[in-house]
Amino acid sequence: MSLLPTHLPTPEGPGSVSQVPNLPARFTETFTSRYVDTGDLRLHAVTGGEGPPLLLLAGWPQTWYAWRLLMPSLAQDFQVVAVDPRGVGLSDKPLGGYDTGTLARDMVALMDSLGHQRFALVGHDVGMWTGYALAADHPDRLDRLVVAEAAIPGLSPSPPLFGGQEANDRLWHFAFNRLTDVNEQLVSGREQLYFGRQFATKSAKPLPDYAVQHYVDTLAADPEALRSSFEFYRALDTTIAQNQKRRTRRLSLPVLAIGGAENMGTSVGETMKLGADDVESLVLPECGHYPAEEAPEAILSALTAFLAPYRDR
């Protein structure tokens, strides 16, 4: 059942289903872009499929498009909702609200508007932060949680300032992204250099050039998109304080934690075991930070098995 209002326009600009490159065959026969008014903001979601609802949350600096290779197969068993969170893609870009407590409430409001009371969630990177917050703050809403390729500030141990070279290469953007204004000034006009380097250095298997260009173009097209991309990190003081409280309320739902062998590896599962009791850990070989695009068949197989009890109910 859909509770969507009918007066909202159909998203048709860059970033909508009709304006992204190289989608899988017949993708648009199943999936459509739509705006959803949650009451506080307007979110862009790509929806399609049959079955119980499954929410997909991508990470920084990506959009719903990160899930494109998985979505057709997932739609055979689930009502798929791939969303641009606040500040991302075609969704509204307010000045504040980028702490994970607010981001989790956004997702609950989104699913309410779509008529979904209980759902499963797959979150990657910042989407993993939001997934953890949603499971902790709204335990009655989630049936199962899949998380991939992130540490969780306030739950994971904080790395030292003077860590090893490998850790610095992987994490230096955290400090940079938290700056107030100078990061926008430095990156504006150099989006290809900054974000292109993120994709190049964190993937074991290079992402297609067209995908990287799409993400970069999305951030370069609007100063508000660039600003918003940093707001998730600028809100980390609030998110860390929230997570320090959340870790006292351990998660009881089943959790699948996925790491790329060439990036986070087993540390994703180790992080989730600090806050959850029922954690299954999976490490994908020859995979870096972007499993949905680097290893779509492997992650699809893992999702199919882990979500089967939820699907069959």
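Which helices each supply at least two residues of the lining of the largest pocket? I looked this up first and found α4, α5 (165-177), α10 (236-246) and α11 (267-273). I noted that helices (H or I, at least four residues) and strands (E, at least two) are DSSP runs, numbered from the N terminus.

Before going on, I wrote down that this is a predicted model, in which local features need pLDDT of at least 70 and side-chain atom pairs count only at pLDDT 80 or more, while totals for chains, interfaces and linings use all residues. Residues are numbered from 1 along each chain as its sequence is written, and side-chain values use heavy atoms, with hydrogens and water left out.

**The pocket.** I read off about 970 Å³ of space in the largest pocket. Of the 37 residues that line this pocket, A151, S158, P159, L171 and F174 are the closest to its centre, and α5 gives the most to the lining, with 8 residues. A pocket here is an open set of points on a 1 Å grid over the protein atoms alone, where a 1.4 Å probe fits, with protein on both sides within 12 Å along at least five of seven lines; lining residues have an atom within 4 Å of a point. The volume is the space filled by probe spheres set on the points, which are joined across faces, edges and corners.

**The sheet.** I then traced an open sheet of 8 strands, in the order β1-β2-β4-β3-β5-β6-β7-β8, with mixed pairing; two strands pair if DSSP finds at least two bridges between them. Its edge strands are β1 (32-37) and β8 (279-284), each of which pairs on one side only.

At the β1 edge, 6 bridges join β1 to the antiparallel strand β2 (residues 42-48), and Y35 has H44 in β2 as its bridge partner. The hairpin of β1 and β2 has 4 residues between the strands, and there G39 takes a positive phi near 105 degrees.

Further along, β6 (residues 142-148) and β7 (residues 255-260) run parallel and are joined by 4 bridges, with V146 opposite L256 in β7.

**The core.** Last, I looked up the largest nonpolar core, which has 98 residues, and those with the most contacts inside it are L55, W64, M71, L110 and M272. Helix α4 (residues 126-137) gives the most to this core, with 8 residues. Such a core is a set of buried (under 20% relative accessible area, 1.4 Å probe, protein chains only) Ala, Val, Leu, Ile, Met, Phe, Trp, Tyr and Cys residues joined through side-chain atoms within 4.5 Å.

Technical notes: Buried < 20%, exposed > 50% of the residue type's maximum accessible area, 1.4 Å probe, protein only.
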